[in-house]
Amino acid sequence: MVKFKGRSTIKQYMRDKPIKRGFKIWMLCDSSLYNLKFQVYTGKSDVIGAEKGLGARVVMDMVDNLPGKNHIVFMDNFFTSYDLFKILKDNLIYAVGTVNASRKNLPKLKDDKLILRGESDLKISNTGIVMYKWKDNKCVHLLSSLHSPKNTGNVNRKSKDRTQKLVSCPKVLIDYNKNINFVDNFDHLNSDYKT
């Protein structure tokens, strides 16, 4: 969000953001924190009513010059959907992202109460897209068209008695946490060098 308090038809309000009113900008940043592409959100497209598939449309606009180059795109749950990942994979663009478990075309995984901390459950589609559910303090749901379900790693977690212990974790989550903050880091650099 770019702060703006004046009058404008494209000004947005997002109550959960530090900057609540202003211009919403979608960004694609690479691992070196450079902004590769951006798009100012000007409101819904010419569709009457609420725009469906906004997240997928934004991602497809951002990656329109990447097909066939085996890039990996990381995204949060606003953008992530099974249908989008399938389209990206067909275009040789791999994707990883957190996902809202109630989205359509997603399988049901084990109930949260049946999974202990450090345990995971997963399902693989016939197109090779994997949905993961891993439990830390809460359950995290991820989709990946890149990772093998066999790849796991370990992460340090504090137990209730405040001691550190290693907990098993899918590799997809480790990679996601390492790569998801490129846009946030770009914003941080942007604020540091504002002048």
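This report walks through the domains, sheets and nonpolar cores of a predicted model.

**Two domains**

Start with the big division. The domain assignment splits the protein chain into domain 1 (1-43) and domain 2 (49-180). Taken over C-alpha atoms, the centres of domain 1 and domain 2 are separated by 24 Å. The two do touch: seven residues of domain 1 are in contact with ten residues of domain 2.

**The three-stranded sheet**

One open sheet has three strands in the order β1-β3-β2, and its pairing is antiparallel. β1 (2-3) and β2 (12-13) sit at the edges with a single partner strand each, so one side of each has no neighbour in the sheet. The link between β2 and strand β3 (residues 21-23) consists of two bridges, with the strands running antiparallel. If you want a spot to click on, try Tyr13, which stands opposite Arg21 in β3.

**The five-stranded sheet**

Another open sheet has five strands, ordered β6-β7-β10-β9-β8, and here the pairing is mixed. β6 and β8 (120-124) are the edge strands, each pairing on one side only. From one strand to the next, the twist averages 15°.

Two of the pairings in this sheet involve β7, and they run in opposite senses, as the table shows.

| Strand pair | Sense | Bridges | A bridge pair |
|---|---|---|---|
| β6 and β7 (residues 94-98) | parallel | four | Met75 and Gly97 |
| β7 and β10 | antiparallel | three | Gly97 and Leu143 |

Gly97 therefore gets a mention in both rows: its bridge partner is Met75 in β6, and Leu143 in β10. Ile72 in β6 has a bridge partner in β7 as well, namely Tyr94.

Getting from β6 to β7, the chain passes through α2, and this β-α-β crossover is right-handed. α2 also packs on the sheet, where it touches β6, β7 and β10 (139-144). The direction of α2 makes about 160° with that of β7.

How many of the five residues of β7 are buried? Four are, so β7 is largely enclosed by the rest of the structure. β6 has two faces to look at: Val73 and Met75 lie on the covered one, while Ile72 and Phe74 lie on the uncovered one.

**The nonpolar cores**

The largest nonpolar core has 24 residues, and those touching the most other members are Trp26, Met75, Phe85, Leu88 and Leu143. Which elements each supply at least two residues of this core? They are β4 (25-29), α1 (54-62), β6 (72-75) and α2 (82-90). The core also spans the domain division, drawing at least three residues from each of domain 1 (1-43) and domain 2 (49-180).

Leu88 is a handy place to look around from. Leaving aside neighbours within four places in sequence, Leu88 is in contact with Val59, Met60, Val63, Met75, Ile93 and Ala95.

There is also a second, separate core, made of eleven residues. Val96, Trp134, Val167 and Val172 are among them.

Key
Residues numbered from 1 in each chain as written. Predicted model: local features only at pLDDT ≥ 70, side-chain atom pairs only at ≥ 80, totals over all residues. Heavy atoms only, no water. Core = buried A, V, L, I, M, F, W, Y, C linked by side-chain atoms within 4.5 Å. Buried < 20%, exposed > 50% of the residue type's maximum accessible area, 1.4 Å probe, protein only. Domains from an automatic or database assignment. Contact = heavy atoms within 4.5 Å. Pairing = 2+ DSSP bridges. Axes fitted to C-alpha atoms, helices over the stretch in contact; angles between N-to-C directions. Right-handed = clockwise from strand over helix to strand, strands pointing away.
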